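Here's a walk through this chain, starting with its charged pairs and ending with its overall build. Keep the structure open while you read.

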Amino acid sequence: DLAQLIEGLLAHRADRLAAAVPIAFARPSGGCARVQGDPGQLSRVFDNLLDNAVSFSPPGSVVRIGATATAGDAIVTVDDEGPGIPEHLRDAVFERFHSSRPPEQFGTHSGLGLAIAKAIVDAHGGTMGIEDGPEGRGTRFTVTLPLNQDARDHG
């Protein structure tokens, strides 16, 4: 259940971080976003996406994570209010050791988080994409994972 997984992740993050940028979660209803997968690895995906979003978000902004389900897929979005990612760099951010950060942040991020997240999503039969955030501000990462059969039958 992605809702439970994300709630647990957010509770753990709250315990270990004094959040300069708050995270808001739009939770799906009643277990509709159930996927087949490794909870530890999927947690790593969303933790990496949240770390990335928080690191690019200016003070006073909010990072938003949402989960929902369609007829066959669970969809998780992570939105930030940072500078955004130009279209010509969107594929490159999934490459190992890629990092496009301001000079003062150079060396504090490995450039592996998004590459690892994408590899995990791919291994779970899903996809990961990037687009402009809501209202053209920031960045939206979208993770799409196939629903497990029980969720499809009852969704």
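Eight salt bridges turn up in this structure, which is a predicted model. As background, side chains of opposite charge can pair when their charged atoms come close. Three of the pairs are worth going through one by one, and here they are with their N to O distances.

| Acidic partner | Basic partner | N to O distance |
|---|---|---|
| Asp1 | Arg34 | 4.0 Å |
| Glu81 | Arg64 | 3.2 Å |
| Asp79 | Arg140 | 2.6 Å |

Take the Asp1–Arg34 salt bridge, with N and O 4.0 Å apart. It links distant parts of the chain: Asp1 sits in the segment before α1 (2–16), while Arg34 belongs to the loop between β1 and α2, and the two are 33 residues apart. Asp1 is partly exposed, at 21% relative accessible area. Arg34 is partly exposed too, at 36%.

Next up is Glu81 with Arg64, a salt bridge at 3.2 Å. Glu81 is in the loop between β3 and α3 (113–123) and Arg64 is in strand β2, so this pair ties together parts that lie 17 residues apart in sequence. For Glu81 the relative accessibility is 27%, which counts as partly exposed. Arg64 is partly exposed as well, with a relative accessible area of 43%.

Then there's Asp79 and Arg140, whose closest N and O atoms are 2.6 Å apart. This salt bridge links strand β3, home of Asp79, to strand β5, home of Arg140, across 61 residues of sequence. Is Asp79 buried or exposed? It counts as buried, with just 8% relative accessibility, because the cut-off for buried is under 20%. Its partner Arg140 is partly exposed, with a relative accessible area of 25%. Elsewhere, Arg13, Asp47 and Asp51 are joined into one network by salt bridges that share partners.

Arg140 has a second role to look at, in the sheet: it is the bridge partner, in β5, of Glu131. The two strands involved, β4 and β5 (residues 139–146), run antiparallel and are joined by six bridges.

So what order do the strands of the sheet take? It's an open sheet of five strands, ordered β1-β2-β3-β5-β4, and the pairing is mixed. Why do β1 (23–26) and β4 (127–132) each have a side without a neighbour in the sheet? They stand at the edges with a single partner strand apiece, so one side of each is left free of a sheet neighbour. From one strand to the next, the twist averages 15 degrees.

Helix α2 (residues 39–56) packs on this sheet and touches β1, β2 (63–69), β3 (73–79), β4 and β5. The direction of α2 makes about 170 degrees with that of β5.

Stepping back to the chain as a whole, you've got four helices and five strands. Reading from the N terminus, the elements run α-β-α-β-β-α-β-β-α. Of contacts between residues at least 6 apart in sequence, 65% join residues at least 24 apart. Of the 155 residues, 39% count as buried. The chain exposes about 8300 Å², and carbon and sulfur atoms supply 51% of that area.

Technical notes. Residues numbered from 1 in each chain as written. Predicted model: local features only at pLDDT ≥ 70, side-chain atom pairs only at ≥ 80, totals over all residues. Heavy atoms only, no water. Pairing = 2+ DSSP bridges. Axes fitted to C-alpha atoms, helices over the stretch in contact; angles between N-to-C directions. Contact = heavy atoms within 4.5 Å. Buried < 20%, exposed > 50% of the residue type's maximum accessible area, 1.4 Å probe, protein only. Areas by Shrake-Rupley, 256 points an atom, 1.4 Å probe, with all protein chains shown as cover. Salt bridge = Lys/Arg side-chain N within 4 Å of Asp/Glu carboxyl O.
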